[in-house]
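Here's a quick tour of one protein chain, going from a few single residues out to the whole fold. Have the viewer open as you read.

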Amino acid sequence: MAAQMEFWLYLYFPQLQLDKLLLQHATTQALDKDQLDLTAPLAIVGADHQLLQLNTAARQAGLTLGMGLASAAALCHQLQLVPHQAEQEQQQLEQLAQLLYQYCADIALQPDSGLLLKLSPMLALYGGALQFWQQLQQVLQQAGYQYHFATAQQPLVARLLAQQGWDQFLLQSDKIQQQLKALPLQQAQLPDKLQEQLQRLGLIRLGDLLTIPQAELVRRFGVDMLQYLQQLTGAKPALLQFIQPAEQFEQQLELLYEMERSDQLLGPLQHLFGLLQLYLQQRDQLAYQLELCLLQRQEQQQQLQLHSAQGEYQSKEWLKLCALQLERLKLKKPVIQLQLTLKRAGPRYAQYKTLFAGKQQLYSALQLVSLLQARLGKEQVKSPCLHNDLLPEQASGYAAALEPQTAIAGHLAAIRPAFLVNPPLAVDADQQQQLQLHCGPERLSSGWWQQQSQHRDYYVGQNAQGQWLWLYRDLQQPEQLYLQGYFS
């Protein structure tokens, strides 16, 4: 019965910015002289000079949330201060919502660092409330952010209980209402003017307010009380805007401190590539091209183009390709921000393996090409290719690795050597006397349309050492024999 009712789950993240600092600190290298020491007392300070978030060392020093800056500085002289960045927290909240979207389709962002999830449609899909909640807990634990949670039939009730750290996943309405009634009025998020009026009447808890008839409350306290009671009881549905999956992947990451060496970027990049992997997994896609922008001082920037010939979705593979490019990159100025953009992606297909194929190679051919391009540069990795020309020295060359080959007109002759001599070697008279010609002549004429006419008669011969040779005579110099290649 309870599973058929409409239930909501509220996730409250009390210190998003501070948790982000701690996560970045865990992935960066040794401390820099200008870097924050997160083991010492540290606080996130709001625009009104009040402490909004505190690390463990600051709490141990006696600091509390909401304390003024002057009192905090007097109590702890070593306190480090970081300005509150609301936009950064909003971006983190959106990232968390995208992270949970693959497990729950109805997620709404809340203005106070919270996420509201509609449970009712998901319980049948996961086979019960407990299984669904266990799945979400694993994802939240991997994200690394502190959070509080609560469930209720009304979004406002779930929000009030979560922000008080109730941390109960229940679908029993009677127990939820019992906890709600015990909530102090100071924590009920009533309008300030309304809360003052209720305190004058001696009302202490939310349960005291709910015992008074609603008609009487509305008559005495007006429209504000009516709107609040409607949200609390669910008489008026909440106006929510549910998120949609991001259409394009573009993520930015501000660094804890300026990084002067390219190898220091690998820690923060691990976080960005993790977000990319999540994006690709949700869409069952592979990424083929990324653009990494390194934002530096004085609005300068350097860009890296990351390519994968095979297509990858795993963060570790992209991090490996990026590390090879960073090895040969010299930073012009210290980096202060990273921006990763997905330029080209495609559908992901299953990779089938033969059951009795034996031991597989460490890398596929396409992965090896991608690694070589990242290490040496894309222009340094080439593949042999054929050209539409009859002359052997013009018939083959090199093109960009894995570049589509143009179609060759006609059919290639079967008698061709494995090794060409470039340039062809003239055979002297003594050597010609020791040669035995077995096949030929085969006339090749080319270049006449470009005023570079070539007319040759080709032969297959064998020298005194038993080597099989590919030889030709130029019709303009018929007495001279040239060595064009060796047969294997």
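## Residues, a sheet and the whole chain

Let's start with Q195, which is found in helix 9, residues 192-200. Keep in mind that this is a predicted model. Is Q195 buried or exposed? Its relative accessibility is 12%, so Q195 counts as buried, the cut-off being under 20%. If you skip the neighbours within four places in sequence, Q195 is in contact with L185, Q186 and L190.

Next up is P14, which sits in the loop between strand 1 (8-12) and helix 1 (16-27). P14 has a relative accessibility of 26% and counts as partly exposed. Which residues does P14 touch, not counting those up to four places away in sequence? They are Q53, Q146, Y147 and H148. There's also a long-range pairing to look at: P14 and G114 are 100 residues apart in sequence, yet their C-alpha atoms are 8.5 Å apart in space.

Now for a bit of surface. L368, L372 and L376 make a nonpolar surface patch of about 260 Å². One of them, L368, lies in helix 15, which covers residues 365-376. With a relative accessible area of 43%, L368 is partly exposed.

Here are the three residues with their accessibility values side by side:

| Residue | Location | Relative accessibility | Class |
|---|---|---|---|
| Q195 | helix 9 | 12% | buried |
| P14 | loop between strand 1 and helix 1 | 26% | partly exposed |
| L368 | helix 15 | 43% | partly exposed |

On to a sheet. Three strands form an open sheet in the order 3-2-4, and the pairing is mixed. Its edge strands are strand 3 (51-54) and strand 4 (80-83), each of which pairs on one side only. On average, neighbouring strands of this sheet are turned by 30° against each other, direction ignored. How do strand 2 and strand 3 pair, in the parallel or antiparallel sense? Strand 2 (residues 42-45) pairs with strand 3 in the antiparallel sense, over three bridges. Within that pairing, A43 stands opposite L54 in strand 3.

Finally, zoom out to the chain. Its secondary structure comes to 17 helices and 18 strands. Of its 488 residues, 42% count as buried. Take the contacts in the chain with a separation of 6 or more: residues 24 or more positions apart account for 60% of them. As for the outside, the accessible surface comes to about 28000 Å², and 50% of that belongs to carbon and sulfur atoms.

Note on methods
Residues are numbered from 1 along each chain as its sequence is written. This is a predicted model: local features need pLDDT of at least 70, side-chain atom pairs count only at pLDDT 80 or more; totals for chains, interfaces and linings use all residues. Side-chain values use heavy atoms; hydrogens and water are left out. Two strands pair if DSSP finds at least two bridges between them. Helices (H or I, at least four residues) and strands (E, at least two) are DSSP runs, numbered from the N terminus. Axes are lines fitted to C-alpha atoms, for helices over the stretch in contact, and angles run from 0 to 180 degrees between N-to-C directions. Patches are made of residues with over 30% relative accessible area and no salt bridge: like charges are joined within 9 Å, nonpolar side chains (Val, Leu, Ile, Met, Phe, Trp, Tyr) within 5 Å. Accessible areas come from the Shrake-Rupley method with a 1.4 Å probe; for residues, only the protein chains shown count as cover. A salt bridge is a side-chain nitrogen of Lys or Arg within 4 Å of a carboxyl oxygen of Asp or Glu. Buried means under 20% relative accessible area, exposed over 50%, partly exposed in between (1.4 Å probe, protein chains only). Contact means heavy atoms within 4.5 Å.
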